[in-house]
Amino acid sequence: MRAVVVAGHGTVRLDDVPEPSVRHPTDAVVAVHRAAVCGTDLHVLADPEHCPAGTVLGHEFVGRVVAVGALVARHRVGDLVVGADYTSCGTCWWCRQGDHWQCARRQFFGTGSAYGEPLAGAQAEQVRVPFADVTLRSVPAGVPVEAAVFLADVMATGYAAVDRSGLRAGDVLAVIGGGPVGQLTSLVAQACGAGPVVLVEPVEGRRRCGTDGGAIAVPPDKARSAVDRLTEGRGADVVVDAVGGPGGLDTAFGLVRGRGSVVSVGLHPDERWGLPVSRAFVAELSLRFAVGDLARDGDRLVALLRSGLVDPTGVVSEVVPLEQAAQAYARAADRSVLKTVLRVAD
Ligand SMILES: [Zn+2]
Ligand SMILES: [Zn+2]
């Protein structure tokens, strides 16, 4: 079957790889209809140590079940499903708390060994899905596949950020970064009762997308004044860092009010960061981190999609056939597109 694989030197190519099959009774195999390209794909592409050449990429997918193991109870052959971007066992202590990311059996699709045992990705005609009852969720009738693919990671991450922040109705929220996760954080927050959302983003096209989604989108040098106007100079009640790295956190700490909270959902390749501890103490700030969890939050995420309260399809820049994956990755890398969805099958 055809699959998008790491080609080395930060590039991908379409390759012919063996079709997956059910290996464990809790596995399913899904024929992929749509798979999205994500910033995480670009990140692992630049990490040959964990993601060597030949790794099948992709962790955001919607498709139809084509095979199930004997112990899969919730899904049948033919079901339209969306996968969480990582697997979890569903039965350990962490999974029972609803913290599937902490599961020792976690495998992150298509990211090599960056976040656990390697598991072939979903930018392919078929993908093997371990612990299918936990990892897969049915796509309800009426939800378009281009919207459902956001459940895998981007919308789940935005939701986790909002949920973990303790955001209350009417709170002023600043979101650092207008990439797909920042955009979905803005949309989910508004659906969950946020007050004004200030989206901080240097790229003009991404600011336009944020404005279309109901946010006040500003470049970084205008962020503090925009927040000050809304809060009489106090700062944002909640700041979500959807960029990661020291820059995202520093910007977030520069916008949050006293007793406010910062939630970071960006990737952090750096081991360390200089926490502005004096201000954090005096201002009694909270800093938390969050990872999306479709297995935990799926019912609420689906409710937001089905009701139309959140429509992620405005974030999709292009839907292209799988054959054009290499060009799509190049466009994603130079940030000329916001979100690419690969059409694998109809
Ligand atoms: Zn992703
Ligand atoms: Zn578990």
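The radius of gyration used here is taken over C-alpha atoms, and the rule for a globule multiplies 2.2 Å by the number of residues to the power 0.38. This model is predicted, and its protein chain has 346 residues, for which a compact globule would have a radius of gyration near 20 Å; the chain has 20 Å, which agrees with that expectation. Along its principal axes, the C-alpha trace spans about 60 × 40 × 40 Å.

Within this outline, the protein chain has 12 helices and 17 strands. Buried residues make up 55% of the 346 residues, and the chain exposes about 14,600 Å², of which carbon and sulfur atoms supply 51%. If we consider the contacts between residues at least 6 apart in sequence, 67% of them join residues at least 24 apart.

We can now turn to the zinc ion (ligand 2), which is coordinated through the SG atoms of Cys89, Cys92, Cys95 and Cys103, at 2.3 to 2.4 Å. Along the chain, these donors follow the spacing C-x2-C-x2-C-x7-C. The site is tetrahedral, with angles of 106 to 115° among its 4 donor atoms, and four donors count as tetrahedral if all angles lie between 85 and 135 degrees.

Two of these cysteines, Cys92 and Cys103, link distant parts of the chain and are 11 residues apart: Cys92 lies in the loop between strand E6 (86-87) and helix H2 (93-97), whereas Cys103 lies in the loop between H2 and strand E7 (107-108). Because buried means under 20% relative accessible area, Cys103 is buried, with a value of 4%, while Cys92, with a relative accessible area of 22%, is partly exposed.

Terms used: Residues numbered from 1 in each chain as written. Chains lettered and ligands numbered in written order. Predicted model: local features only at pLDDT ≥ 70, side-chain atom pairs only at ≥ 80, totals over all residues. Heavy atoms only, no water. Donors = N, O, S within 2.8 Å, 3.2 Å for Na, K, Ca; no water. Tetrahedral: all angles 85-135°; square planar, octahedral: opposite > 155°, others 65-115°. Helix = DSSP H or I, 4+ residues; strand = E, 2+ residues; numbered from the N terminus. Buried < 20%, exposed > 50% of the residue type's maximum accessible area, 1.4 Å probe, protein only. Contact = heavy atoms within 4.5 Å. Areas by Shrake-Rupley, 256 points an atom, 1.4 Å probe, with all protein chains shown as cover.
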